[in-house]
Amino acid sequence: MKPVIKWILGLGVVGGVVAASVPFWPAKSAYDDKAAEQRLTVSGEDKAKLIKRGKYLAAVADCAACHQSPDGAPYAGGHPIETPFGVIYGTNITPDKETGIGNYTSADFYHAVVDGVRADGKRVYPAMPYVSYHTIRPEDSDAIYAYLMDQQPVKRANPELGLSFPFNQRWALSYWNLVNPKLQMPVNATPEQANGAYLTDVLGHCQECHTPRNAIGGLKLASAYEGSVLGKITGPSLKPEALAARGWTAEDLRKFLKTGMSPQGTMTLEMYPVLLHSSQYMTDEDIAAIQTYLTGDKLPAAPEQTPVAIDAALRQSGRDAYMAVCAGCHGVDGEGKPHIAPAMTTNTSAMLADPSNLIHVIVDGIAEQRLGNGEVMQAMPGFKDALTKQQIADLVNYMRAEWGGQPASITVQDIEKASH
Ligand code: HEC
Ligand code: HEC
Ligand code: HEC
């Protein structure tokens with residue numbers, strides 16, 4: 001799957017209208033070098049503690065999702081992120097002095113992570129989620145720094161930025177930063193809310209995929225968690241009413257984050273790396289804090305589901321496709337089979353108004369995934385060759401009407417649009 005990041009869109013347009021002096025405006029947050037030196041000049045047990053905390057924070061912030069090499073080398077970079085204008089790569093953040101961040105001071109590191117400014121003063125593309133990380137505390141940044149500096153240096157040059165002119169002009173990002181404010185911690189929050197916001201919005205950077213973006217790809221912070229389009233898939237709304245309407249309970253949300261499984265589905269698509277490198281390692285307290293921050297202690301009651309009307313012939317055609325190629329794994333009535341495939345009756349994929357995730361999974365399948373608790377999910381095959389576009393449309397309509405409470409309005413054109 002190739003997520004398309006929209007933020008870069010219109011960079012040039014914005015660049016054209018703002019005064020040319022902007023790239024030289026200060027862009028760095030305050031950082032107390034003396035306090036940092038004190039925190040970092042530790043040894044023995046204190047150092048071990050600092051590194052352990054850094055390792056945990058790096059997991060909560062999911063740094064590995066974008067900085068692990070495609071061959072699995074931790075933090076050695078080269079992870080491709082597709083954009084409409086070319087490819088951007090997560091960089092080598094091992095302590096190698098030549099190709100990694102071995103020459104970064106803790107201050108350089110802090111400014112790269114929270115301000116998007118590299119040690120050489122150049123801007124970092126917002127594919128690196130510094131908009132969300134902006135209020136990471138200096139002491140937490142230092143702990144992550146200590147952890148990364150303790151890793152094995154890997155000599156691996158960063159791939160060349162795959163962007164074409166004018167999108168390869170890093171200075172133009174100053175304009176982008178000017179019109180797209182960074183995420184701030186809530187004001188007047190209780191300590192509990194502040195802790196939840198810090199874990200969810202800041203470290204977890206959950207908004208990057210669950211909050212809609214403006215025309216030039218900035219987060220619409222006033223519409224936090226209302227759902228987002230990520231290229232050809234969707235990051236569903238995480239608003240309490242929306243989650244409740246899809247059958248989530250507080251307990252299921254915690255289970256989903258910890259293990260990647262729940263009655264509402266497994267973690268798939270862009271959510272899977274969140275589980276793989278991040279949420280399964282979170283403490284129960286931190287998972288509870290994230291859930292409570294998003295939904296409050298208890299979710300609203302789920303609204304009554306009214307059955308959705310569907311033409312009998314269309315239903316039969318969709319049902320036939322389901323029985324032919326899906327029922328063997330997901331059960332004749334969509335009830336699922338333990339350790340084989342999840343239930344469809346309670347799965348949220350068919351409940352989203354936007355059909356793209358459901359279509360994507362049917363067309364492309366899902367590679368084998370290691371979920372939490374040691375559960376290995378076999379691969380689900382893709383059906384783009386086994387089913388015609390019409391059959392896929394009928395199947396999607398059947399599933400949406402039968403299990404999703406969504407209108408059976410999907411056309412062959414929708415399937416074409418959502419496929420690759
Ligand atoms: C969603 C993807 C993503 C996540 C998550 C992410 N990064 Fe990045 N990071 C990137 C990309 C992409 C770049 C390079 C951007 C560019 O070329 O301008 C980058 C650049 C950097 C840089 C600048 C280094 C350089 O050589 O240019 C540092 C330091 C860094 N990231 C550290 C971190 C840390 C620490 C975390 C976790 C707290 C993290 N990143 C999480 C995508 C990510
Ligand atoms: C070989 C067994 C197999 C077949 C056949 C199969 N699936 Fe799946 N399906 C799975 C598995 C396993 C998963 C869970 C994958 C994971 O989470 O790693 C899954 C996941 C899904 C999901 C996503 C669940 C989520 O929570 O995100 C949907 C939707 C789905 N299947 C629909 C279908 C449909 C529709 C068909 C028929 C066109 C089908 N599957 C055929 C095994 C199968
Ligand atoms: C890189 C993008 C990305 C990030 C970051 C991300 N998500 Fe997701 N999330 C998705 C996508 C795509 C889905 C839909 C696929 C699925 O359900 O597995 C999803 C699904 C979910 C769902 C299930 C919604 C439903 O009704 O099926 C929950 C809950 C969720 N995410 C919570 C979170 C939380 C909490 C965080 C931060 C710790 C987070 N996400 C970070 C992309 C992301």
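**Ligand shells, buried helices and cores**

Helices α4 (63–67) and α5 and strand β2 (86–90) each contribute at least two residues to the shell around ligand 1. The structure is a predicted model, and the account below begins with this ligand before turning to the elements around it. The shell of ligand 1 holds 23 residues, of which A61, C63, C66, A112 and M128 come nearest. Helix α4 provides the largest share of the shell, namely four residues. In character, this shell comprises 18 nonpolar, three polar and two charged residues.

One of the contributors to that shell, α5, deserves a closer look. How many of the 10 residues of helix α5 are buried? Eight of them are, so the helix, which spans residues 106–115, is largely enclosed by the rest of the structure. The buried positions are S106, F109, Y110, H111, A112, V113, V114 and D115. A112 thus appears twice, as a buried residue of α5 and among the residues that come nearest to ligand 1. The cover over the buried residues of α5 includes the helices α2 (33–40), α6 (130–133) and α7 (138–149). Immediately after α5, the backbone at G116 adopts a positive phi of about 70°.

Strand β2, another contributor to the shell of ligand 1, belongs to an open sheet of three strands. The strand order is β1-β2-β3, and the pairing is antiparallel. Why is one side of β1 and of β3 left without a neighbour in the sheet? Strands β1 (79–83) and β3 (162–163) stand at the edges and each have a single partner strand, so one side of each remains without a neighbour in the sheet. Between β1 and β2, the antiparallel pairing extends over five bridges. Within this pairing, P80 lies opposite Y89 of β2, and I81 has I88 of β2 as its bridge partner. Strands β2 and β3 also run antiparallel and are joined by two bridges; here G86 has L163 of β3 as its bridge partner.

The next level of description is that of the domains and the cores. The domain assignment divides the protein chain into domain 1 (29–179), domain 2 (191–295) and domain 3 (312–419). The C-alpha centres of domain 1 and domain 3 are 38 Å apart.

The largest nonpolar core contains 66 residues, and those touching the most other members are L57, F109, V113, I144, L148 and L203. Helix α7 supplies the largest share of this core, with seven residues. Which domains give residues to this core? Both domain 1 and domain 2 do, so the core lies between them. Two of the residues named in this core, F109 and V113, are also buried residues of α5. Apart from neighbours within four places in sequence, I144 is in contact with G54, L57 and A58. L57 is itself one of the core residues that touch the most other members. A second, separate core consists of 21 residues, including L358, V396, Y398 and I415.

Two further ligands can be followed along the chain. Ligand 3 is surrounded by 26 residues, with G204, C206, C209, M271 and T348 coming nearest. Helix α10 (207–210), strand β5 (233–235) and helix α12 (250–259) each supply at least two residues of this shell. Among the contributors, α10 gives the most, with three residues. The shell of ligand 3 divides into 13 nonpolar, 10 polar and three charged residues.

Ligand 2 has 22 residues around it, and the closest are G265, T266, C326, C329 and M377. Strand β7 (265–266) and helices α16 (327–330) and α17 (356–364) each contribute at least two residues to its shell. From which domains does the shell around ligand 2 draw at least three residues? They are domain 2 and domain 3, each of which supplies at least three. By class, the shell around ligand 2 holds 13 nonpolar and nine polar residues, with no charged residues.

A last element to consider is helix α18. Running over residues 389–404, α18 is mostly covered, with 14 of its 16 residues buried. Immediately after α18, G405 takes a positive phi of about 65°.

Terms used: Residues numbered from 1 in each chain as written. Chains lettered and ligands numbered in written order. Predicted model: local features only at pLDDT ≥ 70, side-chain atom pairs only at ≥ 80, totals over all residues. Buried ≥ 20, exposed ≤ 12 C-beta atoms within 10 Å, placed from the backbone. Contact = placed C-beta atoms within 7 Å. Near = placed C-beta within 6 Å. Nonpolar A, V, L, I, M, F, W, Y, C, P; charged D, E, K, R; others polar. Core = buried A, V, L, I, M, F, W, Y, C linked by C-beta atoms within 7 Å. Domains from an automatic or database assignment. Pairing = 2+ DSSP bridges.
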